[in-house]
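Student: I've got this one open on my screen and keep getting lost in it. Please pick the part where the packing is worth a close look, and take me through it slowly.

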Amino acid sequence: MRVPNSVVLPVGTHVDCCQEEEVKEKRRDIMAKITAMLAERKSNLAHFIDNLESSEEPEFYVDQWERLKEMESCTLTILNLVAVNCTDHRDIKKLEATILEQVKNEELFPEVVRVLPPVYRQVEAAIIEIAQSEEMADHGMVDLQYLLSKLSQCQHLANLGRELLQDILRYLHRVGLLVWYEEIKHLESTVFLQPTFLITMFKLLVRYRLVQQLESIS
(Lines give C-alpha, C1' and ligand atoms only; values in the text may rest on other atoms or scores of the structure.)
Protein backbone atom coordinates (compact mmCIF):
# COMPACT_ATOMS: atom_id res chain seq x y z
CA MET A 1 0.00 0.00 0.00
CA ARG A 2 3.03 2.29 0.39
CA VAL A 3 4.71 1.40 -2.91
CA PRO A 4 3.69 3.51 -5.92
CA ASN A 5 1.82 1.60 -8.65
CA SER A 6 1.91 -1.72 -6.82
CA VAL A 7 0.54 -4.87 -8.39
CA VAL A 8 -0.56 -7.64 -6.01
CA LEU A 9 -1.43 -11.21 -6.93
CA PRO A 10 -3.31 -12.88 -4.04
CA VAL A 11 -2.59 -16.61 -3.74
CA GLY A 12 -4.84 -19.00 -1.83
CA THR A 13 -3.25 -22.27 -0.72
CA HIS A 14 -4.55 -25.53 0.76
CA VAL A 15 -7.05 -26.04 -2.05
CA ASP A 16 -6.70 -29.78 -1.36
CA CYS A 17 -8.47 -29.19 1.98
CA CYS A 18 -11.59 -27.72 0.33
CA GLN A 19 -14.42 -28.78 -1.92
CA GLU A 20 -14.65 -27.12 -5.35
CA GLU A 21 -17.65 -24.97 -4.40
CA GLU A 22 -15.95 -23.99 -1.16
CA VAL A 23 -12.89 -22.76 -3.12
CA LYS A 24 -15.12 -20.54 -5.28
CA GLU A 25 -16.88 -19.18 -2.20
CA LYS A 26 -13.63 -18.45 -0.38
CA ARG A 27 -12.18 -16.76 -3.46
CA ARG A 28 -15.20 -14.43 -3.66
CA ASP A 29 -15.02 -13.75 0.07
CA ILE A 30 -11.29 -12.92 0.02
CA MET A 31 -11.58 -10.60 -2.98
CA ALA A 32 -14.58 -8.86 -1.38
CA LYS A 33 -12.61 -8.33 1.85
CA ILE A 34 -9.64 -6.91 -0.09
CA THR A 35 -11.96 -4.50 -1.93
CA ALA A 36 -13.51 -3.41 1.37
CA MET A 37 -10.07 -3.00 2.96
CA LEU A 38 -8.89 -0.74 0.12
CA ALA A 39 -12.09 1.32 0.30
CA GLU A 40 -11.65 1.75 4.07
CA ARG A 41 -8.01 2.77 3.59
CA LYS A 42 -8.99 5.39 1.01
CA SER A 43 -11.70 6.73 3.31
CA ASN A 44 -9.35 6.86 6.32
CA LEU A 45 -6.66 8.71 4.37
CA ALA A 46 -9.21 11.26 3.13
CA HIS A 47 -10.44 11.70 6.71
CA PHE A 48 -6.92 12.25 8.11
CA ILE A 49 -6.06 14.71 5.33
CA ASP A 50 -9.29 16.63 5.91
CA ASN A 51 -8.54 16.82 9.65
CA LEU A 52 -5.10 18.28 9.00
CA GLU A 53 -6.37 20.78 6.44
CA SER A 54 -9.13 21.99 8.76
CA SER A 55 -6.92 22.25 11.85
CA GLU A 56 -6.37 25.67 13.38
CA GLU A 57 -2.67 25.76 12.46
CA PRO A 58 -2.26 23.53 9.36
CA GLU A 59 1.26 24.86 8.70
CA PHE A 60 2.52 22.78 11.64
CA TYR A 61 1.36 19.58 9.95
CA VAL A 62 2.80 20.08 6.45
CA ASP A 63 5.12 17.04 6.71
CA GLN A 64 2.28 14.76 7.83
CA TRP A 65 -0.01 16.16 5.13
CA GLU A 66 2.58 15.53 2.42
CA ARG A 67 3.12 11.93 3.58
CA LEU A 68 -0.61 11.26 3.60
CA LYS A 69 -1.07 12.83 0.15
CA GLU A 70 1.78 10.66 -1.13
CA MET A 71 0.11 7.54 0.27
CA GLU A 72 -3.21 8.63 -1.20
CA SER A 73 -1.64 8.88 -4.66
CA CYS A 74 -0.22 5.33 -4.51
CA THR A 75 -2.33 3.20 -6.83
CA LEU A 76 -2.76 -0.47 -5.98
CA THR A 77 -3.82 -3.02 -8.59
CA ILE A 78 -5.23 -6.28 -7.20
CA LEU A 79 -5.27 -9.22 -9.61
CA ASN A 80 -7.68 -12.13 -9.39
CA LEU A 81 -6.81 -14.60 -6.66
CA VAL A 82 -5.07 -17.79 -7.78
CA ALA A 83 -6.03 -20.90 -5.78
CA VAL A 84 -3.35 -23.61 -5.62
CA ASN A 85 -2.73 -27.00 -4.10
CA CYS A 86 0.89 -26.76 -2.96
CA THR A 87 1.22 -30.55 -2.92
CA ASP A 88 0.48 -30.73 -6.66
CA HIS A 89 3.38 -29.77 -8.92
CA ARG A 90 0.94 -28.92 -11.72
CA ASP A 91 -0.62 -26.20 -9.58
CA ILE A 92 2.81 -24.73 -8.85
CA LYS A 93 3.51 -24.62 -12.59
CA LYS A 94 0.09 -22.99 -13.10
CA LEU A 95 0.96 -20.29 -10.55
CA GLU A 96 4.34 -19.75 -12.23
CA ALA A 97 2.66 -19.38 -15.63
CA THR A 98 0.15 -16.88 -14.19
CA ILE A 99 2.92 -14.76 -12.67
CA LEU A 100 4.91 -14.76 -15.93
CA GLU A 101 1.80 -13.85 -17.90
CA GLN A 102 1.06 -10.89 -15.61
CA VAL A 103 4.60 -9.47 -15.51
CA LYS A 104 4.63 -9.41 -19.31
CA ASN A 105 1.48 -7.27 -19.30
CA GLU A 106 2.61 -3.85 -20.55
CA GLU A 107 -0.41 -2.12 -19.00
CA LEU A 108 0.52 -3.39 -15.54
CA PHE A 109 4.29 -3.08 -15.97
CA PRO A 110 5.19 -0.37 -18.52
CA GLU A 111 8.89 -0.91 -17.84
CA VAL A 112 8.70 -4.44 -19.25
CA VAL A 113 9.31 -2.95 -22.70
CA ARG A 114 12.19 -0.76 -21.55
CA VAL A 115 15.43 -1.59 -23.39
CA LEU A 116 18.31 -1.55 -20.91
CA PRO A 117 21.88 -0.61 -21.90
CA PRO A 118 24.30 -3.59 -22.02
CA VAL A 119 26.15 -2.22 -18.98
CA TYR A 120 23.08 -3.02 -16.81
CA ARG A 121 23.38 -6.71 -17.65
CA GLN A 122 27.15 -6.63 -17.20
CA VAL A 123 26.87 -5.08 -13.73
CA GLU A 124 24.10 -7.51 -12.78
CA ALA A 125 26.26 -10.51 -13.81
CA ALA A 126 29.28 -9.09 -11.94
CA ILE A 127 27.23 -8.48 -8.77
CA ILE A 128 25.89 -12.05 -8.86
CA GLU A 129 29.48 -13.29 -9.16
CA ILE A 130 30.59 -11.13 -6.21
CA ALA A 131 27.63 -12.30 -4.08
CA GLN A 132 28.47 -15.96 -4.77
CA SER A 133 32.22 -15.60 -4.21
CA GLU A 134 33.83 -17.29 -1.20
CA GLU A 135 35.13 -13.99 0.18
CA MET A 136 31.59 -12.64 0.52
CA ALA A 137 30.14 -12.98 4.03
CA ASP A 138 26.85 -14.88 4.42
CA HIS A 139 24.98 -11.68 5.26
CA GLY A 140 25.91 -10.22 1.86
CA MET A 141 26.19 -6.65 3.18
CA VAL A 142 28.68 -4.46 1.29
CA ASP A 143 29.63 -0.81 1.36
CA LEU A 144 28.49 1.05 -1.76
CA GLN A 145 31.97 2.50 -2.41
CA TYR A 146 33.57 -0.93 -1.89
CA LEU A 147 31.10 -2.46 -4.37
CA LEU A 148 31.99 0.22 -6.92
CA SER A 149 35.70 -0.49 -6.51
CA LYS A 150 35.14 -4.26 -6.89
CA LEU A 151 33.06 -3.76 -10.04
CA SER A 152 35.63 -1.32 -11.46
CA GLN A 153 38.21 -4.11 -11.30
CA CYS A 154 36.33 -5.85 -14.11
CA GLN A 155 37.95 -4.88 -17.39
CA HIS A 156 34.68 -4.02 -19.13
CA LEU A 157 33.47 -1.98 -16.12
CA ALA A 158 36.64 0.03 -15.50
CA ASN A 159 34.87 3.31 -16.33
CA LEU A 160 31.79 2.61 -14.21
CA GLY A 161 30.87 5.77 -12.28
CA ARG A 162 29.05 6.10 -8.97
CA GLU A 163 25.95 7.78 -10.49
CA LEU A 164 25.53 5.08 -13.14
CA LEU A 165 26.01 2.36 -10.51
CA GLN A 166 23.30 3.97 -8.37
CA ASP A 167 20.90 3.98 -11.34
CA ILE A 168 21.63 0.29 -11.92
CA LEU A 169 21.20 -0.50 -8.20
CA ARG A 170 17.76 1.15 -8.26
CA TYR A 171 16.80 -1.11 -11.14
CA LEU A 172 18.20 -4.25 -9.46
CA HIS A 173 16.39 -3.26 -6.24
CA ARG A 174 13.10 -2.99 -8.14
CA VAL A 175 13.52 -6.43 -9.75
CA GLY A 176 14.47 -7.97 -6.38
CA LEU A 177 18.04 -9.08 -7.08
CA LEU A 178 19.36 -7.02 -4.18
CA VAL A 179 18.13 -4.53 -1.59
CA TRP A 180 19.34 -0.94 -1.35
CA TYR A 181 17.57 1.46 1.03
CA GLU A 182 18.93 4.68 -0.49
CA GLU A 183 16.14 6.75 1.08
CA ILE A 184 17.22 5.77 4.63
CA LYS A 185 20.16 7.93 5.71
CA HIS A 186 21.83 5.30 7.90
CA LEU A 187 21.56 2.64 5.18
CA GLU A 188 22.18 4.64 2.00
CA SER A 189 25.82 3.49 1.81
CA THR A 190 25.00 -0.20 2.39
CA VAL A 191 23.91 -2.64 -0.31
CA PHE A 192 22.36 -6.00 0.64
CA LEU A 193 23.41 -8.55 -1.99
CA GLN A 194 21.56 -11.37 -0.19
CA PRO A 195 17.92 -10.28 0.33
CA THR A 196 17.14 -13.69 1.86
CA PHE A 197 19.41 -12.79 4.79
CA LEU A 198 17.15 -9.84 5.59
CA ILE A 199 14.10 -12.11 5.43
CA THR A 200 15.76 -14.49 7.91
CA MET A 201 16.58 -11.59 10.24
CA PHE A 202 13.05 -10.18 10.06
CA LYS A 203 11.64 -13.64 10.87
CA LEU A 204 13.77 -13.70 14.01
CA LEU A 205 12.91 -10.15 15.08
CA VAL A 206 9.33 -9.66 13.91
CA ARG A 207 7.31 -12.42 15.51
CA TYR A 208 3.73 -13.04 16.49
CA ARG A 209 3.09 -12.02 20.12
CA LEU A 210 6.74 -10.94 20.48
CA VAL A 211 5.94 -8.30 23.10
CA GLN A 212 4.03 -10.84 25.21
CA GLN A 213 6.90 -13.33 24.88
CA LEU A 214 9.44 -10.74 26.04
CA GLU A 215 7.24 -9.60 28.94
CA SER A 216 6.89 -13.17 30.14
CA ILE A 217 10.67 -13.36 30.76
CA SER A 218 11.46 -12.61 34.40
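Tutor: A bit of vocabulary first: an angle under 35 degrees counts as roughly parallel, over 145 as roughly antiparallel, 65 to 115 as roughly perpendicular, and the rest as oblique. The angles run from 0 to 180 degrees between N-to-C directions, and the axes are lines fitted to C-alpha atoms, for helices over the stretch in contact. Helices (H or I, at least four residues) and strands (E, at least two) are DSSP runs numbered from the N terminus.

Keep in mind that this is a predicted model, where local features need pLDDT of at least 70 and side-chain atom pairs count only at pLDDT 80 or more, while totals for chains, interfaces and linings use all residues. Residues are numbered from 1 along each chain as its sequence is written, and side-chain values use heavy atoms, with hydrogens and water left out.

To get your bearings, the protein is divided into domain 1 (7–104) and domain 2 (118–201), with bounds from an automatic or database domain assignment. The C-alpha centres of the two domains are 30 Å apart. Let's zoom in on α4, α5 and α6.

Start with α5 and α6, whose axes are 11 Å apart and make an angle of about 105°. That value is why α5 and α6 count as roughly perpendicular. On the α5 side, the contact (heavy atoms within 4.5 Å) is made by Leu 144, Gln 145, Leu 147, Leu 148 and Leu 151, and α6 answers with Arg 162, Leu 165, Gln 166 and Leu 169. Sorted by class, that gives 6 nonpolar, 2 polar and 1 charged. Here Ala, Val, Leu, Ile, Met, Phe, Trp, Tyr, Cys and Pro are nonpolar, Asp, Glu, Lys and Arg are charged, and the others, Gly among them, are polar.

Now bring in α4 (residues 118–132). With α5 (residues 144–152), α4 packs at about 110°, the axes being 10 Å apart, so this pair is roughly perpendicular as well. From α4 come Val 123, Ala 126, Ile 127 and Ile 130, and from α5 come Leu 147, Lys 150 and Leu 151. This contact holds 6 nonpolar residues, no polar ones and 1 charged residue.

Lys 150 deserves a second look. Not counting residues up to four places away in sequence, Lys 150 touches Ile 130 and Glu 135. Tyr 120 is 30 residues from Lys 150 in sequence, and their C-alpha atoms are 16 Å apart.

The remaining pair is α4 and α6: their axes come within 10 Å and cross at roughly 75°, so they too are roughly perpendicular. Val 119, Tyr 120, Val 123, Glu 124 and Ile 127 of α4 meet Leu 164, Leu 165, Asp 167, Ile 168, Leu 169, Tyr 171 and Leu 172 of α6. That set divides into 10 nonpolar, no polar and 2 charged residues.

What sits inside? The largest nonpolar core has 24 residues, and Val 123, Ile 127, Leu 151, Leu 169, Val 191 and Leu 193 have the most contacts inside it. Two or more residues come from each of α4, α5 and α6 (162–175), and α4 gives the most, with 7. A core like this is a set of buried Ala, Val, Leu, Ile, Met, Phe, Trp, Tyr and Cys residues joined through side-chain atoms within 4.5 Å. Buried means under 20% relative accessible area, exposed over 50%, and partly exposed in between (1.4 Å probe, protein chains only).

Val 191 shows how far one core residue reaches along the chain. Leaving aside neighbours within four places in sequence, Val 191 contacts Gly 140, Met 141, Val 142, Leu 144, Leu 147, Leu 169, Leu 178, Val 179 and Trp 180.

For contrast, step away from the helix trio. Ser 6 lies in strand β1 (residues 6–8) and is buried, at 13% relative accessible area. Beyond its sequence neighbours within four places, Ser 6 contacts Thr 75, Leu 76 and Thr 77. His 14, in the loop between β2 (11–12) and α1 (20–53), is exposed at 52%. Its phi is near 60°, a positive value in a residue other than glycine. Glu 101 sits in helix α3 (residues 89–103) and is exposed at 56%. Arg 209, in the loop between α7 (195–205) and α8 (210–215), is partly exposed at 44%.
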